[in-house]
Amino acid sequence: MRSPTAAVLFGLLLVSCAPGRDSRPHIIYIPKMVDGANTFWATVKEGALSAADDQDVTVEVRGTSEETQVDEQIQIVEAAIRDRPAAIVLAAGDFLRLVPAVRHARAAGIPLVTVDSFVATDDASAKIGTDNRQLGRMAGGSLLRMVGAGSLVAVLSYIKASSTARDREQGLAEALTGGVRLLPTLYSGSDQESAYRLTQQLLNEHRELQGLVALNEPSTVGACRALAESGRRGQVALIGVDASFEVLKSVEAGVLRSVLVQQPFNMGYLGVQAATELAAGRSWPRTLDTGAIEITKETLFLPQNEKLLFPVTVLNSAHSVLKP
Amino acid sequence: MKVRTIRSSLIWAFSLVISVGILVLGAFSLILFQRALIEETQKSNTQLVGQLNRILDGYIGYMHDLALVVWNNPDVDAYMAGPVPGDPERRRQVLKFLEGIPQIRPDIDSLVLTRPSGEVLTSNPGRKLNPWLDKKAEPWFASAPPAASGAVVSPARIENLYDDRYQWVISLVLGQPRTMPGGWLQVDLNYAVIDDLCRKIQLGRSGYVFIVNAGGEIVYHPRQQLVYSGIKSEKIDEILTLEQGQLEARVGGRDLVYTVATSSQTGWSVVAVSYLDELLASARNLGTVVVAVGLGCLLIATFLAWRVSLRISRPIEALRRSMKAVETGDFDVVIDVEADNEVGELARDCEIAIGKVRDLMHQSLVDQEAKRQQDLLMLQSQINPHFLYNTLDSIIWMVELGRSPDAIRMTSTLAQFFRLGITRGSHEISLRHELEHVVSYLSIQKMRYGDKLEYSIDVEPELLETRVLKLLLQPLVENALYHGIKEREGPGRIIVAGAKTGDRVEVRVSDDGIGMPAEKVAGLLLAPEGEVRDHMGLRNVHERLRLHFGPQYGLTFESAPGLGTTVIIHLPSRAPS
């Protein structure tokens, strides 16, 4: 009787010490798009994967190839909920249409963190991204430093219905109201070509124009091209939002006086960190502003900005940012 | 006082020893293991950063050598110092020379030669130069020494030399870009070389290496963006002060160890970061194992203690129950203890002791019974009342005949006889006394029977003190008289003789009476009680002897019809007590 008892005890001991299988929390990250050529989303993903390493979780990326495939993204979110991950990190492709999917995640008890682009519901566990109103205010503040009081300025926004555009416009208006004369807001439809033409038209119609704020990357690129061609770069202070190779070249060339850059790496990183914390039952602030940084020609090559503007790991194998 | 059972004591002792042992052993091994782990990690990290530094030194050294080779090339030298619109042929040769270098060494991204006039020649002549290039504005050039005295190395930086790309490089500059006396040369090392090298290094689960230059600027860091956004921080100042060695710090809520090595050549500090919680994770596993083994051992120990104590206490308990039974007087109890140890032996010893006590008790009972019987027998062997009646009748008769002297003699003899018979005290008396008693009996009978009875006493004087039983001889003599002499024709004779044979004394009472056939002799001592009173006297004497002296003593008979009978009394020849 003695030896079998001892054997059973020893067996229990072994079982209790045996290593289990990969028990790390599994997090599904659903960006707006998974296109590797897009610097912004590649950087968000890089941040997410870095956080996965640091937090000791696994991150699986699922997404559509186009930012406009909202229906597909809804399906991806629903499928992700069925797979019951520890948490979901979502960059919502649509402010309104993703609401039911986000509610389903909440009903299923899966923490869902929205990054960069949010949804029109409080059902998301946390929001991490740029405070777009704050971004708009920053752009306004930047412009006011460059133009005199009472100057004529214009705003080139992108999509009227977009929540981020609305927030940016609002913030901008808050900063500019009373200080300058504001022309009616223009909308580029997030299209470079359209932004280019609108800016050309604007420059032609308003010879006394002293300031222009372009509220997203395509609008900024289009505005830069039009302004560079017009030869009025010294007279019109152009402020842009979001960096790209062309945008940075325009800053170097002095066409773009300043550009407000978001922090996609931090969005991805903090998104996964938040998801990890929430999945573990710890608290995380409901909203977190990852902020934006103002880049001018003088600050473009400061080491701290270089790392943000030219993210090493998302560059091609030669580690360079090539002209697209 | 509370009684503590052997079992609980044993279990306590076992558990205590095991717990303390495992605890102490576990704590020691944990501490040693942790220390060894940390030391081992520090050692390997020190090796790692040292090695990394040598590799980096190798790269930078190579860049420096390369820069000197280019700078001292006769064509380059001549072109640099030549007229301002440079000789086109020489320019072509210099460009060809520059162009060839990155083809041999792909890790060299570009070479940039700037003439004092501001003319720029690169190793990629096909690429359009960035029209907005402003070398003098770059802060890392500020400290560039004159070309002869050395070179300056940049941190990781973006090279915006060409119009169509931004490139991460480490740059080495020979010459003075700020003032440009004699121009300057820049060698760009592709940053991918360092990035790939460092990124591959993983220390523990999330440990890493990073590099800072002497100015505290980050050359390489796997989480550079986090560092710049303030989400992550490193103790850069402490690291720069330390230059070489280990530094324990708490950063971002986690304890970590920095292992720093600073290159004298580049001024770069290579820093390995290992997180203590990851290092000690395996130690924690060990701790878990120790606790589990400890608990297991505790369980086993408790179980064994329980078993062992049962082995000891169960027989003791049985023994105790048996002894309780003995206490209540049950000496026939069987101690049922099956133990092959000391307790078992103890139980067996107890059993033997109890057996002895039981035997003694039994013996004592038997002796008591014997004594009681002896008394009874003696009472039974009191003088035959017929003898008294007959004697008194004889006395009356003598008085009637006027034979007063005879009557007086007989009466006094009778008195003497009774005095001897009623003497109280021990059952044992000397043979002398018993003989006196018998003589008085015989002399009374002699007076009654006259010539019909003769008797003689023939006992050796040294036997007179032999211890005999009271009223031993008289019944035998009475038998000899009534059943031997009285039945025969003519006078008879009774002889009482004593002799010592070995350790025995034999007293023989012989008569020459009618004697008995052998079968009657054999039945003398066997006859059932109450049948013949005469025999009862014999049996009585025989029993008393056996009871008093032991079964080996008693009576034997020798008889032959017509010849007479001898009764032999066997006695121990003991010294008078």
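Arg199(B) is partly exposed in this predicted model, with a relative accessibility of 32%, and its side chain meets that of Asp195(B) in a salt bridge whose N to O distance is 2.9 Å. Asp195(B), by contrast, has a relative accessible area of 3% and is therefore buried, the limit for that class being under 20%. The two residues stand four apart in helix α4 of chain B, so about one helical turn separates them.

The helix that carries this pair can be followed from its beginning. At the start of α4(B), a side-chain oxygen of Asn190(B) comes to within 3.0 Å of the backbone nitrogen of Ala192(B). Ala192(B) is itself one of the buried residues of the helix, and the others are Tyr191(B), Val193(B), Ile194(B), Asp195(B) and Cys198(B). These buried residues pack against a varied set of elements in chain B, namely the helices α1 (6-71) and α5 and the strands β5, β6 (184-190), β7 (208-212) and β8 (218-220).

From here the view can widen to the contact between the chains. In this contact, 41 residues of chain B touch 41 residues of chain A, and the two chains bury about 3700 Å² between them, with carbon and sulfur atoms accounting for 61% of that area. On the chain B side, the residues that lose the most area to chain A are Tyr166(B), Trp168(B) and Gln225(B), which together make up 23% of what that side buries.

Polar and charged groups also take part in this interface. Between chain B and chain A there are nine residue pairs in polar contact, counted with both residues at pLDDT 80 or more, and two salt bridges cross from one chain to the other. A salt bridge joins the side chains of Arg223(B) and Asp54(A), at an N to O distance of 3.0 Å. The elements of chain B that each supply at least two residues to the side touching chain A are β4 (157-159), β5 (165-175), α4 (191-199), α5 (224-229) and α8 (281-327). Of these, α8(B) gives the most, with nine residues. By residue class, the side of chain B that touches chain A divides into 19 nonpolar, nine polar and 13 charged residues.

Over all chains, the count of salt bridges comes to 36, and chain A offers two that repay a closer look. In one of them, the side chains of Asp83(A) and Arg62(A) meet at an N to O distance of 2.7 Å. Asp83(A) belongs to the loop between α3 (70-82) and β3 (87-90) of chain A, while Arg62(A) belongs to the loop between β2 (58-61) and α3, so this pair ties together parts that are 21 residues apart in sequence. Asp83(A) has a relative accessible area of 47%, and is thus partly exposed.

The other is formed by Glu277(A) and Arg282(A), whose closest N and O atoms are 2.9 Å apart. How buried or exposed are the partners, Glu277(A) and Arg282(A)? Glu277(A) counts as buried at 17% relative accessibility, whereas Arg282(A) is partly exposed, with a relative accessible area of 45%.

Terms used: Residues numbered from 1 in each chain as written. Chains lettered and ligands numbered in written order. Predicted model: local features only at pLDDT ≥ 70, side-chain atom pairs only at ≥ 80, totals over all residues. Heavy atoms only, no water. Contact = heavy atoms within 4.5 Å. Buried area = accessible area lost by both parts, 1.4 Å probe. Salt bridge = Lys/Arg side-chain N within 4 Å of Asp/Glu carboxyl O. Polar contact = N/O pair within 3.5 Å; in protein donor to acceptor, adjacent residues only side chain to side chain. Nonpolar A, V, L, I, M, F, W, Y, C, P; charged D, E, K, R; others polar. Buried < 20%, exposed > 50% of the residue type's maximum accessible area, 1.4 Å probe, protein only.
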